[in-house]
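Colleague: I should like to learn how to read the features of a structural model in a systematic way. Could you take me through one example?

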Amino acid sequence: MNRIARALYRTAASTRQNLGLSVQSVRSMATETVNGIPVEVVNPEGAKRVIVTKNLPGDRWKQILASAGCRVEISQSPETILDNATIVKLIGNSCDGVIGQLTEDWGSELFEALKKAGGRAFSNYAVGYNNVVVPEATARGIPVGNTPGVLTETTAELAAALTFAAARRVVEGDSFMRAEKYKGWLPTLFVGNLLQGKTVGIIGAGRIGTAYARMMVEGHKMNLVYYDPYENKFLEEYVKDYSKLVQSKGGDEITVTRCGTVEEVLKMSDVVSLHCNLDENTKHLINEEKLNMMKSNAVLVNAARGPVIDEVALVAHLKKNPEFRVGLDVFEDEPLMKPGLKECENAVIVPHIASATQWTRSGMATLAASNVAALLQDYPVWNKPDVLGFVDGPFESIPKAAPSIVNAKELNLKMS
């Protein structure tokens, strides 16, 4: 059992002891139906009704809600993505809070249903909230939570995995082997790109972009160029200091440059990884014109938001440029792909799994539950970037606050 596993085991054991909860009590206590929809019920005696639209990993999040006196009803609908009508049925006539998914359309219809049911809390099970029309929630006095702070390294690792899978043609090779086409070693078989010492470009130098940049710089001595509206002094100083260390051991200088435009990054980079937010300025940021600016054998990676890339233009570019490669975790019309993408062998495509590690997905559930539980107990909003105190450590040490409420200021919520 590794260190993290031991810590989680101790945390779970401590929690059960402190709350008087057995392992069984944080699992399903009953199976019922709500307006014809099957739900798994945790803490049936709870006075506050909280709906969770999908099963979530881990138990800590259930313990948090149960200890706040919540009756937790977890949808067991077989549908992968719930439509608004189903969610309205789940909310019913009385509902205190909801934990929803990034695949759901949380706008006026759902927030009105939640408000009419007496709802006082909503949390998205995601750090992003493009699926949430926050002003509609604010207009009805409903706080909106999200789950930042536990996805940084996990998402960056997946972006790095996509980078090398694309550059070294890993998926093509895997398919080749499974089809039993391998007859022996050949000098020209699946020749890809060496990235050591090349140039990596990032668009969006926030936490995830910075973590990815560090992985590529530290692990592969890549020079860094980046575009962000704000200068990332930490990242620049970090790369410069790391370069001094490498040079002191006989290695080459590693450079870092903040570019004034996205176009500069695209033209200079052997790899471009997207880590920007999705808004009206970044939708189709990477279009036909921008793709044509990139090197013909470049690698493009997107683990941010699908619509940042014009997927139709990308498919056309992949077909015209067989040495150009892409790694995608997200898609413009998710879960659908634009016609032709799945046939492109120079595309590595995975189903939105950037946050899919047990620690991160469980941590996201814990943060979402902490948001709802805190709001229903009239706790203040956490006012610090570090949220690991909610995720790790003894249950009794969890801060009495909501980890992240995106419209806290607009609602004049008390800060911790």
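Modeller: We shall proceed from the overall dimensions to salt bridges, surface charge and backbone geometry. Please keep in mind that this is a predicted model.

Colleague: What radius of gyration would a compact globule with 416 residues have, and what does the protein chain have?

Modeller: The general idea is to set the chain against a rule for globules. For 416 residues, a compact globule would have a radius of gyration near 22 Å, and the 23 Å of the protein chain agrees with this. Along the principal axes, the C-alpha atoms fill a box of roughly 65 × 50 × 45 Å. The protein chain contains 14 helices and 14 strands, and buried residues account for 51% of its 416 residues.

Colleague: How many salt bridges does a search of the whole structure find?

Modeller: A salt bridge requires a side-chain nitrogen of Lys or Arg within 4 Å of a carboxyl oxygen of Asp or Glu. By that criterion, the search of the whole structure finds 15 salt bridges. One of them joins R214 to E218, with the closest N and O atoms 3.3 Å apart. Both residues belong to helix α8 (residues 207-220), where they are 4 residues apart, about one turn of the helix.

Colleague: Are R214 and E218 buried or exposed?

Modeller: The label follows from relative accessible area: under 20% is buried, over 50% is exposed, and values in between are partly exposed. R214 is therefore partly exposed at 29%, and E218, at 28%, is likewise partly exposed.

Colleague: Which residue forms a salt bridge with E323?

Modeller: The partner of E323 is R325, and their closest N and O atoms are 3.6 Å apart. Here the two labels should be read separately: E323 is partly exposed, with 44% relative accessible area, whereas R325 is buried because its relative accessible area is 3%. Salt bridges can also share partners, and in this way E32, R49, R71 and E73 are joined into one network. A further pair is K338 and D333, whose side chains meet at 2.6 Å, N to O; D333 counts as partly exposed at 36%.

Colleague: Which residues form a negative surface patch?

Modeller: In a patch, one looks for like charges on accessible residues that have no salt bridge. The negative surface patch here is formed by E79, D83, D105 and E109. Among them, D105 lies in the loop between β5 (97-100) and α4 (108-116) and is partly exposed, with a relative accessible area of 47%.

Colleague: Where is the cis peptide bond that involves P335?

Modeller: One reads the omega angle for this purpose. The bond from E334 to P335 is cis, with omega near 15°, and P335 is placed in the loop between β13 (325-328) and β14.

Colleague: What is the phi of H284, and what is that of D378?

Modeller: A positive phi deserves attention in a residue other than glycine. H284 has a phi near 55°; its place is the loop between β11 (271-274) and α11 (288-293), and its 26% relative accessibility makes it partly exposed. For D378, phi is about 60°. D378 occurs in the loop between α13 and α14 (388-391) and is exposed, at 59% relative accessible area.

Colleague: How far apart are the C-alpha atoms of A356 and L158?

Modeller: Separation along the chain and separation in space are to be read side by side. A356 and L158 are 198 residues apart along the chain, yet their C-alpha atoms are separated by 9.0 Å. A356 itself is in the loop between β14 (347-349) and α13 (358-376).

Conventions:
Residues are numbered from 1 along each chain as its sequence is written. This is a predicted model: local features need pLDDT of at least 70, side-chain atom pairs count only at pLDDT 80 or more; totals for chains, interfaces and linings use all residues. Side-chain values use heavy atoms; hydrogens and water are left out. Patches are made of residues with over 30% relative accessible area and no salt bridge: like charges are joined within 9 Å, nonpolar side chains (Val, Leu, Ile, Met, Phe, Trp, Tyr) within 5 Å. Accessible areas come from the Shrake-Rupley method with a 1.4 Å probe; for residues, only the protein chains shown count as cover. Lys and Arg count as positive and Asp and Glu as negative; His and the chain ends are not counted. The place of a charge is taken as NZ of Lys, CZ of Arg, CG of Asp or CD of Glu. Helices (H or I, at least four residues) and strands (E, at least two) are DSSP runs, numbered from the N terminus. Buried means under 20% relative accessible area, exposed over 50%, partly exposed in between (1.4 Å probe, protein chains only). The radius of gyration is taken over C-alpha atoms; the globule rule is 2.2 Å times the number of residues to the power 0.38.
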